[in-house]
Amino acid sequence: MPEKSLPKARTPEATTLESEAASAHEGISRRRLLGTAGATGLVLGTAGAAVGYAAAPSEAATPLTSLGTDRAMFHGKHQPGITDGLQARGHVVAFDLAAGAGRKEAAALLRRWSETARRLMAGEPSTHDDTDVARDAGPSSLTITFGFGHSFFARTGLAKQRPVALDPLPEFSSDHLDKNRSNGDLWVQIGANDALVAFHALRAIQRDAGRAAKVRWQMNGFNRSPGATSHPMTARNLMGQIDGTRNPKPSEADFDQRIFVPEKGEPAWMANGSYAVVRRIRMLLDDWENLSVRAQEDVIGRRKSDGAALSGGTETTAMDLEKTDAKGNLVVPINAHARITRPDQNGGAAMLRRPFSFHDGIDTDGVPDAGLLFICWQADPLRGFVPVQRKLDRGDALSQFIRHESSGLFAVPGGAAEGEYVGQRLLEG
């Protein structure tokens with residue numbers, strides 16, 4: 001579970017706009033920039049872009065709050081849900097193609113899914129028999145992202161188009177993987193800032209699958225809601241740690257090189273795409289919470305209160321790996337999670353982490369089934385996730401408090417242009 005950070009998305013101007021929108025009589029406020037959960041970038045949208053499709057033409061629609069009007073765009077260079085801000089609610093779901101379904105059926109399914117995603121992300125009802133679950137809501141920063149698993153290519157006769165980067169991940173000693181909740185032919189990531197909007201999208205995608213594909217596994221997650229803190233800040237995970245301080249930032253010169261397949265990369269259909277590693281990481285919270293705060297900080301290598309490195313400064317102050325205390329001991333322990341995951345300790349390996357927390361109840365032994373739906377993005381997992389996880393596997397202090405329970409690797413093609421569907425260059429190329 002490498003350390004992650006998402007850049008802050010509010011500007012002084014955005015702060016002023018929020019202040020100006022405090023009075024209800026001013027109607028719809030100009031869209032706030034997402035950032036309270038540690039945003040990687042701006043969610044595209046316009047003020048008043050949607051007012052909920054429930055309103056009849058003769059009705060005076062009640063303005064939505066800025067939370068409802070925030071809108072991400074379906075069409076673009078990259079698929080949505082990669083550099084957009086962390087959303088309050090998420091679902092990840094994998095499908096397997098039905099027996100007898102092949103390339104033709106997969107193309108028809110991706111065409112249906114893409115049209116449904118485009119409509120729902122715009123705050124419109126789905127095309128066929130909409131369930132009305134999100135009838136009163138706007139887009140609420142909804143994003144829907146599609147990817148292909150290793151097995152998809154053999155099922156569709158496209159084995160020669162399967163990327164080398166999609167080769168199965170190596171085994172790690174800390175893995176306790178449930179094969180029934182790992183991998184899959186197709187993968188869908190859904191995120192939104194309203195739980196009903198996210199669920200509505202999940203049901204629409206499942207219904208669209210029809211007889212072409214069936215659900216292999218599905219997981220639900222959450223993050224802090226935008227606006228829940230007094231100022232923008234990096235997200236906290238269920239261990240109470242600020243989680244995401246050193247994530248690559250879109251403003252960095254090599255961001256695209258690290259996260260996205262180049263336009264002239266191989267294979268050609270993956271241009272501007274990315275590879276998603278998806279892991280369900282159980283947190284052994286009872287054991288973790290029995291540690292003192294100081295012991296927890298030594299495991300992570302950062303202060304729990306504000307995310308600053310144990311070597312001093314603020315959250316963004318560079319970590320001093322050589323600093324020692326009065327007894328000559330390293331201030332940041334040699335096996336601290338934050339030390340081990342640093343790119344400069346892993347040959348420059350980096351990935352964009354964009355996770356959701358999860359809590360699926362209490363086990364029969366009385367412990368919480370909770371942790372992190374870890375999702376990371378990179379141009380090549382062999383240069384992103386794999387080297388970091390290998391190093392964590394050899395001596396991360398955090399490893400005794402977590403358990404990797406499921407895993408998947410998916411090729412996520414670039415965004416669809418107007419009039420295209422996601423994956424069209426693969427399926428019709």
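This short report walks through the overall build of a predicted model and then its salt bridges.

**The chain as a whole**

Let's start with the fold. The protein chain has eleven helices and nine strands. It runs to 429 residues, and 55% of them count as buried. If you look at contacts between residues at least 6 apart in sequence, 78% join residues at least 24 apart. On the outside, the protein chain exposes about 18300 Å², with carbon and sulfur atoms supplying 49% of that area.

**Salt bridges**

A search of the whole structure turns up 22 salt bridges. Three of them are set out here, each with the N to O distance.

| Basic residue | Acidic residue | N to O distance |
|---|---|---|
| Arg 280 | Glu 405 | 2.5 Å |
| Arg 403 | Glu 405 | 3.2 Å |
| Arg 383 | Asp 380 | 3.6 Å |

The bridge between Glu 405 and Arg 280 links distant parts of the chain: Glu 405 sits in strand 9 (residues 402-412) and Arg 280 in strand 5 (residues 274-283), 125 residues apart. Glu 405 is buried, with a relative accessible area of 8%, and Arg 280 is buried too, at 1%.

Glu 405 also pairs with Arg 403, and Arg 403 is partly exposed at 27% relative accessibility. Through shared partners, salt bridges join Arg 280, Arg 403 and Glu 405 into one network, whose other members include Asp 178, Arg 181 and Asp 360.

What about the accessibility of the partners in the Asp 380 and Arg 383 bridge? Asp 380 counts as buried at 18% relative accessibility, whereas Arg 383 is exposed, with a relative accessible area of 53%.

Methods: Residues numbered from 1 in each chain as written. Predicted model: local features only at pLDDT ≥ 70, side-chain atom pairs only at ≥ 80, totals over all residues. Heavy atoms only, no water. Helix = DSSP H or I, 4+ residues; strand = E, 2+ residues; numbered from the N terminus. Buried < 20%, exposed > 50% of the residue type's maximum accessible area, 1.4 Å probe, protein only. Contact = heavy atoms within 4.5 Å. Areas by Shrake-Rupley, 256 points an atom, 1.4 Å probe, with all protein chains shown as cover. Salt bridge = Lys/Arg side-chain N within 4 Å of Asp/Glu carboxyl O.
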